[in-house]
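Thanks for sharing this one. My notes follow below as numbered points, to be read alongside the model.

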Amino acid sequence: MSLIRDKAFVNGEWVPSQKGKSFDVVNPTDGSVIGQVPDMDVEDTNVAIQSAYDAFKPWASTTAKERSNLLRKWFNLLEENKEELARLVSIEAGKPYKESLGEVFYGNSFIEWFSEEARRITGEIAASPAKSKEMLFIRQPIGVAALITPWNFPHAMITRKAGAALAAGCTCVIKPAEDTPLTALAIAQLAHDAGIPKGVINVITSNRENAAPVGKLLCESPLVRGLSFTGSTAVGKILYRQCATGIKRVSLELGGNAPFIVFKSANLDQAVVGAMASKFRNCGQTCVSANRFLVEEAIFDEFVERLKNAMKNELKQGTGESCNTGPLINVSQLLRVDNIVQDAVKKGAKVHLGGSPAKDLGERWYQPTLLTNVQPNMLCYNEEIFGPVVSCIKFKSEEEALKIANDTPVGLAGYFFSGDISQCWRVGKALEVGMVGINEGMISCTEAAFGGVKESGIGREGSHHGIEEYTDVKYLCFGNL
């Protein structure tokens with residue numbers, strides 16, 4: 001695989017850590033070591049930040065057309081190498097190849113989109129209150145952007161952020177998750193090949209021990225003007241506090257606890273298809289995965305049976321070409337998922353499928369699991385599972401469903417299926433989330449404004465709103481005219 005790199009990318013060069021340390025990158029499917037990358041610390045990160053800072057003014061002074069052309073060249077190279085990128089995502093994130101290819105297609109589309117959006121960053125002319133003045137608003141890039149990305153979408157979460165940042169005229173320092181650094185380095189290589197100038201994109205890699213101090217520096221460095229983070233709410237809160245010291249521009253896409261509501265008027269065939277798509281992508285390890293399945297009492301048993309059959313017939317665990325369900329990212333995640341399931345079982349939940357690790361496949365594999373008789377005192381009722389576990393909760397009325405759905409401090413995505421158009425409008429507006437799938441289980445696309453409310457984050461990614469996170473509005477007042 002020609003795109004695998006064993007060094008970090010700083011100021012257009014492939015560099016080791018200054019202390020010479022490195023760490024292993026592990027394939028979640030079998031625990032084998034794929035390669036090693038530098039274990040960088042705050043000293044290394046400072047060099048990357050300075051490189052991005054030095055590159056900012058020259059990059060910001062390029063025209064929108066010039067940035068657009070370079071992003072388009074980057075997109076073309078990403079497309080030319082999509083199969084290798086997908087294989088790389090598969091081996092370091094554990095996704096089946098077909099799913100990895102889908103992520104790469106999705107991720108590449110952000111670079112294509114923002115190559116076009118670069119030329120649509122517009123200003124305004126306001127009506128002046130005085131005859132002697134004219135008032136203009138223009139948008140300018142904020143400066144160096146720090147991008148901290150997760151392991152569950154190692155390709156798309158980088159392109160969604162970096163595409164917008166570069167289109168706006170910002171430079172960036174990317175800190176990928178320690179589980180999946182190789183995809184980030186491959187993306188950087190293709191950006192370099194596309195002719196994006198040195199220092200505009202920098203990728204630093206670090207192991208868990210260095211992640212916290214590196215993240216703190218990215219938040220507190222006076223040379224960094226914005227932070228975009230995708231990850232857990234707990235870590236997001238820490239970074240938010242750290243960014244406050246320098247009043248940074250902050251974009252946070254944090255955890256969710258997505259309700260998936262099935263009303264009695266729903267088309268159950270469509271609801272099951274939507275449930276399968278929403279729940280089991282990346283083995284349930286996505287922030288918009290359906291987490292709590294709320295099913296109206298009149299159709300509860302029928303929906304559970306249909307979903308059980310779909311899980312038995314459609315989900316195939318393993319590494320073969322016909323398999324569509326991979327492992328969890330690491331052992332700690334498997335232990336967490338199993339703890340949630342065992343907690344539910346001890347408190348009276350009924351297991352219809354699965355319920356334990358798939359030890360015959362390896363130490364990171366977990367059986368697709370279906371639970372009913374789920375109660376409010378169970379972890380699966382209240383916490384984001386991030387695994388292949390369906391917890392079904394019965395409700396009697398629309399009001400009860402909404403009360404349960406909204407009874408959480410987070411609000412990223414929500415889904416519901418209904419054949420009643422009036423209900424669709426009511427529930428769509430009443431759900432306390434940033435994104436709603438109405439009779440649809442797959443809502444993510446480049447054109448969509450991605451983000452949440454409450455403790456699920458701040459700001460939006462993708463769509464034309466994605467550019468806004470990387471620009472400041474400047475007011476120009478011309479007087480004495």
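**Notes on the predicted model**

1. Let me start with the small sheet: three strands form an open sheet in the order E5-E6-E22, with antiparallel pairing. Strand E5 (124-126) and strand E22 (471-478) are its edges, each pairing on one side only. From one strand to the next, the twist averages 25°. Strands here (E, at least two residues) and helices (H or I, at least four) are DSSP runs numbered from the N terminus, and two strands pair if DSSP finds at least two bridges between them. Axes are lines fitted to C-alpha atoms, for helices over the stretch in contact, with angles from 0 to 180 degrees between N-to-C directions.

2. A word on the basis: this is a predicted model, in which local features need pLDDT of at least 70 and side-chain atom pairs count only at pLDDT 80 or more, while totals for chains, interfaces and linings use all residues. Residues are numbered from 1 along each chain as its sequence is written, and side-chain values use heavy atoms, with hydrogens and water left out.

3. Within the small sheet, strand E6 (residues 134-141) and E22 are joined by eight bridges in the antiparallel sense. Arg-139 has Val-473 in E22 as its bridge partner.

4. Next comes an open sheet of seven strands, ordered E14-E15-E16-E13-E12-E18-E19, with mixed pairing. Its edge strands, each pairing on one side only, are strand E14 (350-353) and strand E19 (435-438). The twist averages 25° from one strand to the next.

5. E16 deserves a look. Six of its seven residues are buried, so E16 is largely enclosed by the rest of the structure; buried means under 20% relative accessible area, exposed over 50%, and partly exposed in between (1.4 Å probe, protein chains only). E13 runs parallel to E16 over five bridges, with Phe-293 partnered by Cys-392 in E16. Strand E15 (residues 369-372) is also parallel to E16, through three bridges, and Leu-371 has Ser-391 as its partner there.

6. Elsewhere in the seven-stranded sheet, strand E12 (residues 258-262) and strand E18 (residues 413-417) pair in the parallel sense over three bridges. Val-262 stands opposite Phe-417 in E18.

7. What lies across E12, E13 and E16? Helix H13 (residues 398-406) does, running at about 165° to strand E13 (290-296). Its buried residues are Glu-398, Ala-401, Leu-402, Ile-404, Ala-405 and Asn-406. They pack against several elements, including helix H12 (379-382), helix H14 (421-430) and strand E20 (453-454).

8. Please check Glu-253, which an unreviewed UniProt entry annotates as "active site"; such annotations may be inferred rather than shown by experiment, and UniProt positions are given in the numbering used here, with feature names shortened. Glu-253 is in strand E11 (residues 249-253) and counts as buried because its relative accessibility is 3%. Leaving aside neighbours within four places in sequence, its contacts (heavy atoms within 4.5 Å) include Met-157, Cys-287 and Phe-450. Its side chain makes a polar contact with that of Arg-160 at 3.4 Å; this term means a pair of N or O atoms within 3.5 Å, where within protein one must be able to donate a hydrogen and the other to accept it, and residues adjacent in sequence count only if both atoms are side-chain atoms.

9. Overall, the protein has 14 helices and 22 strands, and buried residues make up 57% of its 481 residues.
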